[in-house]
Amino acid sequence: METHEMTPEKSLQIINDAIEKSRRDFEKNAGYPMIIWGTIVLIFAIAVFIMLWKTGNASWNFLWFGIPATGWPISSILQKDRCRNGGKSFLSRSIGQIWITYGIFATVLCVVFAFTAPHLTGYITAVLLGFSAAITGLVLKNRFITAGGFLTGLGCTIAMFFVQSWITPMFFAAGAVLNLIIPGVMMNKKAE
């Protein structure tokens with residue numbers, strides 16, 4: 001019987017290879033949910049923008065709640081077949097937890113601000129979107145996603161002080177394109 005001793009270098013190489021394979025596998029399947037959610041966010045952001053612009057009534061900010069209300073069912077239906085194709089890795093679970101945390105914080109803050117300062121809902125959710133995207137980019141070692149996240153988060157934080165509130169949904173729309181749709185398309189292209 002032949003035995004092979006594992007050197008520390010060989011052990012580290014195996015671990016590194018497993019992590020890189022996990023990252024590649026995640027990126028192969030991550031593009032579709034990003035595109036789905038990005039498109040849903042984009043549609044609602046444009047709808048809120050148009051309604052605020054046309055009416056000036058801040059109550060239209062309640063449309064933001066349509067994102068999770070339509071996003072979860074649509075995402076689960078479209079992703080059902082993809083989720084069957086293998087188990088979840090530590091990386092995919094971690095990134096999923098980042099975005100679930102984003103969803104929880106964004107929803108809770110929208111509820112709070114809907115009744116206290118509705119004009120801030122678009123800014124706050126866009127800043128959180130940028131924060132979540134930046135962390136995702138750092139975890140994936142993807143400079144484009146990281147840069148887009150920082151640009152969105154910091155840009156919306158600064159814009160909050162200088163831009164009229166009815167324009168804020170367009171920042172959120174731009175954030176959806178920059179942080180979800182474009183990276184999702186890039187990941188899909190790379191996976192092909």
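These legends walk through several views of a predicted model.

**Figure 1. The whole chain is built from helices, with 6 helices and 0 strands.** Read from the N terminus on, the elements run α-α-α-α-α-α. The chain has 192 residues, and 38% of them count as buried. Take the contacts between residues at least 6 apart in sequence: 76% of these join residues at least 24 apart. The close-ups that follow visit a few places along this chain.

**Figure 2. F49 and W53 form a stacked aromatic pair.** A pair of aromatic rings is described by the distance of the centres and the angle of the planes. Here the ring centres of F49 and W53 lie 5.9 Å apart, with 15° between the planes. The pair counts as stacked because planes under 30 degrees apart fall in that class. Both residues belong to helix α1 (residues 8-55), where being 4 residues apart separates F49 and W53 by about one helical turn. Are these two residues buried or exposed? F49 counts as buried, at 17% relative accessibility, while W53 counts as partly exposed, at 49%. Another neighbour joins the scene: K54 lies over the face of W53, at 4.6 Å from the ring centre. For the wider setting, the structure holds 6 aromatic pairs.

**Figure 3. Helices α3 and α4 pack against each other.** Two packed helices are described by the angle between their axes and the distance between the axes. For α3 (residues 90-116) and α4, the axes come within 9 Å and cross at roughly 170°. That angle makes α3 roughly antiparallel to α4. On the α3 side, the residues that meet α4 include L91, I95, I98, W99, Y102 and F105. On the α4 side, those that meet α3 include I124, L128, L129, I135, V139 and L140. Sorted by class, this contact has 18 nonpolar, 4 polar and no charged residues.

**Figure 4. T125 sits in helix α4 and is buried.** Helix α4 spans residues 121-140, and T125 has a relative accessible area of 4%. Which residues does T125 touch, not counting residues up to four places away in sequence? They are Y102, A106, C110 and F172. Y102, A106 and C110 are also among the α3 residues that take part in the contact with α4.

**Figure 5. A106 gives the view from helix α3.** Like T125 in the previous view, A106 counts as buried, here at 8% relative accessibility. Leaving out residues up to four places away in sequence, A106 touches T125 and L128. A106 and A126 are 20 residues apart in sequence, and their C-alpha atoms are 8.9 Å apart in space.

**Figure 6. Helices α5 and α6 form another packed pair.** Helix α5 covers residues 143-159 and helix α6 covers residues 168-191. Their axes are 10 Å apart, and the helices pack at an angle of about 180°. With that angle, α5 is roughly antiparallel to α6. From α5, the meeting residues include F144, I145, L151 and C156, along with G148 and G149. From α6, they include F171, L178, I182, P183, M186 and M187. What classes of residue make up this contact? There are 11 nonpolar, 5 polar and no charged residues where α5 meets α6.

Terms used
Residues numbered from 1 in each chain as written. Predicted model: local features only at pLDDT ≥ 70, side-chain atom pairs only at ≥ 80, totals over all residues. Heavy atoms only, no water. Phe/Tyr/Trp six-rings, centres within 6.5 Å; stacked < 30°, edge-to-face > 60°. Helix = DSSP H or I, 4+ residues; strand = E, 2+ residues; numbered from the N terminus. Buried < 20%, exposed > 50% of the residue type's maximum accessible area, 1.4 Å probe, protein only. Lys NZ or Arg CZ within 6 Å of the ring centre and 35° of its normal. Contact = heavy atoms within 4.5 Å. Axes fitted to C-alpha atoms, helices over the stretch in contact; angles between N-to-C directions. Parallel < 35°, antiparallel > 145°, perpendicular 65-115°, else oblique. Nonpolar A, V, L, I, M, F, W, Y, C, P; charged D, E, K, R; others polar.
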